[in-house]
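This briefing introduces a structure to a reader who has not met it before. Please keep the sequence and the model at hand while reading.

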Amino acid sequence: MALEALRDIAKKILGSTTVDKKLVEEVVKDIQRALIKADVNVRHVKEISEAIKKRATSEEVLPTLNAKEHILKIVYEELLKGVGEGLEIPLKKSKIMLVGLQGSGKTTTAAKIAKYFKDKGMKSAVIAADTFRPAAYDQLKQLAESCGVGFYGEKNGKNAVEIVKRGLESLKNYDMIIIDTAGRHALESELIEEMKKIADVANPEYKLLVLDAAIGQLASKEAKAFHEAIGINGIIITKFDGTAKGGGALSAAREIGIPIAFIGNGEKIDDLDRFDPAGFISRLLGMGDIRALMEKVERVMQEEEVNAEAFLKGTFTLKDIYKQIEAVNKMGPIRKIFEMLPLGGLKVDGDVLEMTQEKMKRFKVIMDSMTEEELLNPKIINSSRIRRIAIGSGTSQQEVKELLNYYETMKNVMKKMKKGKLPIRGLKIGI
Ligand SMILES: Nc1nc2c(ncn2[C@@H]2O[C@H](COP(=O)(O)OP(=O)(O)OP(=O)(O)O)[C@@H](O)[C@H]2O)c(=O)[nH]1
Ligand SMILES: [Mg+2]
């Protein structure tokens with residue numbers, strides 16, 4: 001995917017030795033190239049790149065950021081603005097009607113969405129309202145059965161509107177109903193009429209347009225036409241996995257101002273992601289997904305029965321840290337965890353990251369030589385205490401300092417995360 005080039009651009013920014021006008025210009029050029037290659041509308045490319053250039057050269061660098069982080073933050077924020085909002089469909093009784101041209105992925109996506117909500121604990125079902133293509137009934141029925149969601153359809157049925165009416169009646173005990181409709185080569189008046197009638201009968205909370213990412217910039221025309229014809233309130237982009245032109249569909253959503261609900265990332269039933277703009281852009285830039293990390297931290301914390309709250313608030317003491325080091329260790333090498341954080345956002349020296357089993361044992365020995373007071377309030381550990389602890393534990397002062405350094409680092413990182421104050425703004429952390 002062409003947008004993957006953005007990751008190299010982020011690396012280039014953080015790897016640069018000097019930050020000057022030349023770097024900004026280079027970065028802006030690279031971004032333009034990547035976006036155009038991804039079929040983003042030229043006007044949007046211009047808007048995004050000009051905004052980056054303007055801000056990077058005129059805005060004051062925040063005191064908490066270095067010059068590279070400053071530029072990366074601006075790139076992140078402008079790209080985020082570029083994709084607009086995501087549409088989050090809440091877990092409550094609703095109907096979703098899918099529309100779109102032939103082959104865009106409606107039927108597959110109908111089943112994917114039903115499965116998505118089933119996995120979230122909802123009773124979901126699909127209605128086969130495509131009477132145009134004879135095989136559509138069997139296709140959806142089979143998909144629904146394979147993923148264990150409800151199904152209503154009428155084999156060889158002719159009247160889609162009546163099918164939807166009866167389907168809704170028969171599925172009234174279901175919470176989330178997804179209606180699959182027929183597609184055509186083009187948006188013909190016959191199709192518009194049928195979509196309108198189905199929408200009237202079903203009165204769906206969501207009318208989602210299914211757009212094939214592979215059509216690139218043509219997505220814009222298509223989205224506009226559907227929006228004018230029946231008034232959609234969300235977009236699903238499919239086949240994002242198989243094309244370098246996904247930027248075209250993203251651009252289309254921004255152009256008509258309709259939020260993106262889901263992205264289809266493959267042919268399998270689980271290849272569907274809710275569209276979360278911050279996570280999406282972070283991943284494109286290789287900044288990791290903070291939320292994924294936080295979920296992971298929480299999960300392991302629960303397993304370990306450690307005080308996750310204190311850990312996250314940064315109020316934990318040295319007394320807890322041994323258990324917590326173990327918990328963090330369970331998530332994999334510390335370095336891996338830090339890789340999930342925004343690049344360059346943290347200044348952690350290499351030693352701190354090398355938390356080996358051996359080192360953990362040493363830390364425990366060091367902590368055994370501390371007083372209760374020191375464990376509960378590490379701040380009081382001054383140089384004479386460090387000396388005493390090192391001698392008492394048979395370690396070195398350097399190692400004691402290393403433990404304190406590790407403790408401080410973890411405390412600060414977690415505190416910042418909790419407050420959503422990691423250097424890259426816009427990454428809100430919902431815990
Ligand atoms: N790689 C990939 N393939 C997809 C994705 N979504 C759908 N497809 C494939 O696209 C093809 C068409 O999908 P359908 O769901 O039948 O499309 P449709 O819009 O219902 O088509 P009509 O009913 O003919 O209008 C199928 O081969 C799907 O497997 C996706 O996200 N990624
Ligand atoms: Mg279909």
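The points below concern the ligand site and then one strand with its partners.

This is a predicted model, in which local features need pLDDT of at least 70 and side-chain atom pairs count only at pLDDT 80 or more, while totals for chains, interfaces and linings use all residues. Residues are numbered from 1 along each chain as its sequence is written, chains are lettered from A and ligands numbered from 1 in the order in which they are written, and side-chain values use heavy atoms, with hydrogens and water left out.

**Surroundings of ligand 1**

- Ligand 1 is surrounded by 20 residues (a residue is near if one of its heavy atoms lies within 4 Å), and the closest are G105, K106, T107, T108 and D241.
- The shell consists of one nonpolar, 12 polar and seven charged residues; Ala, Val, Leu, Ile, Met, Phe, Trp, Tyr, Cys and Pro count as nonpolar, Asp, Glu, Lys and Arg as charged, and the others, Gly among them, as polar.
- Helix α5 (residues 106–119) gives the most to this shell, with four residues; helices (H or I, at least four residues) and strands (E, at least two) are DSSP runs, numbered from the N terminus.

**Atom pairs at ligand 1**

- An oxygen atom of ligand 1 lies 2.4 Å from a polar side-chain atom of T108.
- A backbone N or O atom of K239 is 2.9 Å from an oxygen atom of ligand 1.
- An N or O atom in the side chain of D241 lies 2.7 Å from a nitrogen atom of ligand 1.

**Strand β4 and its partners**

- Six of the six residues of β4 are buried (under 20% relative accessible area, 1.4 Å probe, protein chains only), so β4 is largely enclosed by the rest of the structure.
- On one side of β4 are M176, I178 and D180, and on the other I177, I179 and T181, all of them buried.
- In a regular strand the side chains alternate between the two faces of the sheet.
- Strand β1 (residues 94–99) runs parallel to β4 and is joined to it by five bridges, with L98 opposite D180.
- Strand β2 (residues 124–129) also runs parallel to β4, joined by six bridges, and V126 stands opposite I178.

**Two residues of β4**

- I177 counts as buried because its relative accessibility is 5%, and its contacts (heavy atoms within 4.5 Å) beyond four places in sequence include I96, I127 and L168.
- T181 has 2% relative accessibility and therefore counts as buried; its side chain reaches the backbone oxygen of L98 at 2.6 Å.

Notes. A polar contact is a pair of N or O atoms within 3.5 Å; within protein, one must be able to donate a hydrogen and the other to accept it, and residues adjacent in sequence count only if both atoms are side-chain atoms. Buried means under 20% relative accessible area, exposed over 50%, partly exposed in between (1.4 Å probe, protein chains only). Two strands pair if DSSP finds at least two bridges between them.
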